[in-house]
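Here is a short tour of two helix packings and one ligand site. Have the structure open as you read along.

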Amino acid sequence: MNYISTRGQTPPLPFSEVLLMGLAPDGGLMLPESYPRISETTLYEWRELSYPDLAFEIMRLFATDIPADDLRAIIRRTYTAEAFGSEAVTPVRTLSDGLKIQALSNGPTLAFKDIAMQFLGNAFEYVLAKAGRQLNIIGATSGDTGSAAEYALRGKRGVNVFMLSPEGKMSAFQRAQMFSLQDENIHNIAVKGMFDDCQDIVKAVQNDAEFKARHHIGTVNSINFGRVLAQIVYYFAGYFQATTSNEQKVSFCVPSGNFGNVCAGHIARQMGLPVHRLMVATNENNVLDQFFGSGEYRPRGGAETYVTSSPSMDISKASNFERFVFDLLDRDGDKVRGLWQQVDSGAGFDLGGMMDKIRDQYGFVSGKSTHADRLAVIREVYEAEGELIDPHTADGVKVARQLSEAGETVICLETALAAKFAGTIHEAVGAVAVPRPAKLEGLEDLPQRVQVVPNDAAAVKEIIRAALARTADR
Ligand SMILES: *Cc1c(COP(=O)(O)O)cnc(C)c1O
């Protein structure tokens, strides 16, 4: 299977090359030439599989240039009960009102990004070793993505991670999570500035073509198709856990920001998983809710993006959304290119004439949740179930309850654990103890490793140069 770009101007490439790529050279996103279709019979057989075996059956349809035994080994190393807290990896539970919750948040950093990142870490190591290559990842984080990348790539051969964060702006828990890693290939860099300054430095380093090529600089952002692929698996796993036959009406509700998570649900549905509807839940940054309500896509700038209590969804330009629009437009790369020219010029676009296709053929619906909704849901779930859910999951629960219809089973994806967002939990339910997995007790007391630098790209480049020179000497 080969991969093509949503903008239609990149020659087809195999999976193992796409795995190491960010944007396609034409500015688009890579997708398989076509989605594999799963028969009814195969769906019945897959019901019985363990999570890693299911992952293997799905991923081998996409990663066709990786030998099957190697792929199976990568997957078995990744999806262990030790890393994800249970054999089920993404277990489904049922609340007293019948709503189902699928836990994607039991990995090393307690957020759903671990599911894809842990796979990516092992897959990177394998592909780099085979090609005799090295990759030095530079990224900027305000918390979640950086830690998921570091936990996935720590100790991996052929890879170094340089992660920039704004000094003093992350929570004590987030700082401890990242800075307590003692692996030599993980480099934490605290910049005297804001998150946007960190992002500007990453761009400046990326734009220095000579530096980038000489030091094998790459990124791990959410547009990587390997991440989307790993996420397809848990839609199948959730469906099988929530049903006893393939005739039941099941919908997924997905707390969304960059549209990476629900994009995987869309692909699972295109493969033939009988998903009734895909519910896109947004917070106050409701660009996607506007699109799925009206067909109008009007991305906003940083100044119009609110800082909310579900911060991982504070996104006003959904980077993976282009993949869905490509499918919606029957994979016409010229049309997609035209629409994104309008996006880049600040105008956005209007596909209001396609609402029937978006709803009926693709099953998309949406809703929005606010700070007050989030707090109310956290409180209600705590009172009814005695359990704490995180603010992002609460946005999903709010929208799932608002949209669900009689006879429809809804699975809301749990994208993080409450332990990461104790402040908002206390605001919702008062000073209760927020449980934390045993492996993270005492995290804040561990010794920390971080270099503080001025807000200056040259200083960061110097750190990278020096660190790579030390590695070369070893
Ligand atoms: C990243 C993230 C999201 C949003 O996922 P997308 O793939 O960007 O739509 C939601 N919740 C949490 C906790 C996250 O970390």
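Are helix 3 and helix 11 oblique or parallel to each other? The model is a predicted one. In it, helix 3 (residues 51–59) and helix 11 (residues 225–242) pack at an angle of about 125°, and their axes are 9 Å apart. An angle of that size is neither over 145 degrees nor within 65 to 115, and helix 3 and helix 11 are therefore oblique to each other. The crossing of helix 3 past helix 11 is right-handed.

On the helix 3 side, the contact involves Tyr51, Leu54, Ala55, Ile58 and Met59, which meet a set of helix 11 residues including Leu229, Ile232, Tyr234 and Phe240. The residues of this contact divide into 13 nonpolar, no polar and no charged.

Now for the second pair. Helix 13 (residues 287–294) packs with helix 14 (residues 321–328) at about 15°, with 13 Å between their axes. That makes helix 13 roughly parallel to helix 14. Helix 13 passes helix 14 in a left-handed crossing. Leu288, Phe291 and Phe292 of helix 13 make the contact with Phe321, Phe324 and Leu328 of helix 14. Here the residues divide into 6 nonpolar, no polar and no charged.

Finally, the ligand. It is surrounded by 15 residues, and the closest are Lys113, Gly257, Asn258, Asn261 and Thr415. Some N or O atom pairs between protein and ligand are listed here.

| Residue | Protein atom | Ligand atom | Distance |
|---|---|---|---|
| Phe259 | backbone N or O | oxygen | 3.0 Å |
| Gly260 | backbone N or O | oxygen | 3.1 Å |
| Thr415 | side-chain N or O | nitrogen | 2.9 Å |

Definitions and conventions: Residues numbered from 1 in each chain as written. Predicted model: local features only at pLDDT ≥ 70, side-chain atom pairs only at ≥ 80, totals over all residues. Heavy atoms only, no water. Axes fitted to C-alpha atoms, helices over the stretch in contact; angles between N-to-C directions. Helix = DSSP H or I, 4+ residues; strand = E, 2+ residues; numbered from the N terminus. Parallel < 35°, antiparallel > 145°, perpendicular 65-115°, else oblique. Left-handed = near helix turned anticlockwise from the far one by under 90°. Contact = heavy atoms within 4.5 Å. Nonpolar A, V, L, I, M, F, W, Y, C, P; charged D, E, K, R; others polar. Near = heavy atom within 4 Å. Polar contact = N/O pair within 3.5 Å; in protein donor to acceptor, adjacent residues only side chain to side chain.
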